[in-house]
Amino acid sequence: MGDDGNRWVLKLVCLALAVTATGCTTPVILQQRVVEVEKIVLKDTAGNIRFEVTVKEDGSLVQTLRDKKGNERIALMVDAEGVARQSLFGEDGQKRVHSYVFPTDHPQSAGMAGTDILNREGKIALESYIDSERVTRHILHDENEKSGVLSYVFPADHPKLPGWTGADILNKEGKTALRSVIDSQRVARHQLFNENGAIRIGSYVNPTDHPKMAELAGTEWINGNSGAWMRINTAKDGGAYHEFMDKDNKERFSMNLFNSGRVNQLFSDRNGKERISLNVYTGGLANQLFLDATGVTRSITYTNQDGYAGFDLLDSKENSRFQAMTLPNGKVAQSFMDREKNVKASTTVTNDGQVTHYVEKGALETIWDNRGWIMLGIEALRSYNNK
């Protein structure tokens, strides 16, 4: 820079400070409207550089402010990519705060804006920023910049997670260990992960106006295949449910308390088909049902509030074909029915020991006609037992 340039720099500094400095015995009136320089340097009375403005070869514009020891304390920059940056330094020269704003047409980080706070070793301890998808994020790091807490708010028009808000707690490897979120349907969720990042426990509470499962609340224990091993929940109607699943996520056992007061247990096979059902009703009836693989009830055991207890065998059409029961007065009875539920034969034992047999007319004749086969079977059984 020539003598004329140095003279104009000196005049600019004097005018900016509005003081009398060395070589300026009176305030200087700057007549020119434009001063063209590549670098501006401001020194204190001791000759220490305190202020610099420079344009670098890559096009970056940098402004630096230093303390009286010459240490850089504040740096303002618009870099070659048009990113506005601001950095604040400690007295040791270590960067402690860094802020930035990316231009909207930046190829990788369009529109990002944020601030980083660094520890004394120069590692990021806290990040707060808005990313290119307008997601607001706040991240706390440990001394190794790995574990910490990540909180976020997604915009309402986000293409994948509209309106999501929540926080993740990360382990030492930087993977999510715990997550609490409110999703796009305003379902509150709380999830726990293993060291590999797989969900193992998930709890949830649905809002009262949820379109499908209003007010459903519960907890799931997740297996390695992302299916539930066990699930506990309560529904809007007041019912409480406890379910157990196998490794293929098929429900195998459940315990249910319905709003009506009914208590129920279900056992299912590997295909998820209900096979055993135990029930207690509010009226006092208790029963146990056994079903075949097609879902047809084949036997029922029951007792009720009036003192009746019994056992029924049913055919494939769920018609009772055999029934045994005890009555409140102590009587015991058993009956055989045809497909039309007509009693064909029965035996009754009263409380005083009297036995009564009933066989439909014609049935004895049929038995008599087949007496030879019956006797042959009895003889074969006797021979087998003797051996």
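These are my notebook entries on what I looked up in the structure above.

**Ground rules.** I worked from a predicted model, in which local features need pLDDT of at least 70 and side-chain atom pairs count only at pLDDT 80 or more, while totals for chains, interfaces and linings use all residues. Residues are numbered from 1 along each chain as its sequence is written, and side-chain values use heavy atoms, with hydrogens and water left out.

**Entry: the second largest pocket.** I looked up the second largest pocket and noted a volume of about 270 Å³. A pocket here is an open set of points on a 1 Å grid over the protein atoms alone, where a 1.4 Å probe fits, with protein on both sides within 12 Å along at least five of seven lines, and lining residues have an atom within 4 Å of a point. Grid points are joined across faces, edges and corners, and the volume is the space filled by probe spheres set on the points. I noted 17 lining residues, with Val187, Arg189, Tyr204, Asn206 and Glu220 lying nearest the centre of the pocket.

Which strands supply the lining of the second largest pocket with at least two residues each? I found β13 (188–193), β14 (199–205), β15 (217–222) and β16 (228–234), and β14 gives the largest share, four residues. Strands are DSSP runs of E with at least two residues, numbered from the N terminus. By class, I recorded six nonpolar, seven polar and four charged residues in this lining, where Ala, Val, Leu, Ile, Met, Phe, Trp, Tyr, Cys and Pro count as nonpolar, Asp, Glu, Lys and Arg as charged, and the others, Gly among them, as polar.

**Entry: salt bridges.** I noted 18 salt bridges in the structure, each a side-chain nitrogen of Lys or Arg within 4 Å of a carboxyl oxygen of Asp or Glu. I looked at three of these pairs, taking the relative accessible area of the residues as buried under 20%, exposed over 50% and partly exposed in between (1.4 Å probe, protein chains only).

The side chains of Lys39 and Glu52 meet at 3.4 Å, N to O. Because Glu52 lies in strand β2 and Lys39 in strand β1 (residues 39–43), this salt bridge ties together parts that are 13 residues apart in sequence. Glu52 is buried, at 12% relative accessible area, whereas Lys39 is partly exposed, at 40%.

For Arg186 and Asp209 I noted a salt bridge of 2.6 Å, N to O. The pair links distant parts of the chain, 23 residues apart, with Arg186 in the loop between β12 (176–182) and β13 and Asp209 in the loop between β14 and β15. Arg186 is partly exposed, with 47% relative accessibility.

The third pair is Arg339 with Asp315, at 3.8 Å, N to O. Arg339 sits in the loop between β25 (332–337) and β26 (343–349) and Asp315 in the loop between β23 (309–314) and β24 (320–326), so the salt bridge ties together parts 24 residues apart in sequence. Is each partner buried or exposed? I recorded Arg339 as exposed at 51% and Asp315 as buried at 8%. I also noted that salt bridges with shared partners join Lys39, Glu52 and Arg66 into one network.

**Entry: positive phi.** Most residues other than glycine have a negative phi, and I looked up two residues with this in mind. Phi of Arg134 is near 65°, and this residue lies in the loop between β8 (124–130) and β9 (136–141), where Arg134 is partly exposed at 48%. Arg186, met above as a salt-bridge partner of Asp209, also has a positive phi, of about 65°, although it is not a glycine.

**Entry: a nonpolar surface patch.** Val55, Leu61 and Val78 form a nonpolar patch with about 230 Å² of accessible area together. Val55 belongs to strand β2 (residues 49–55) and is partly exposed at 48% relative accessibility.

**Entry: two C-alpha distances.** Gln265, in strand β19 (residues 263–268), is partly exposed at 26%, and its C-alpha atom is separated by 9.9 Å from that of Tyr241, 24 residues apart along the chain. Glu340, in the loop between β25 and β26, is exposed at 58%; Glu340 and Arg321 are 9.2 Å apart, C-alpha to C-alpha, and 19 residues apart in sequence.

Conventions
Patch = residues over 30% accessible without salt bridge, like charges linked within 9 Å, V, L, I, M, F, W, Y side chains within 5 Å. Areas by Shrake-Rupley, 256 points an atom, 1.4 Å probe, with all protein chains shown as cover.
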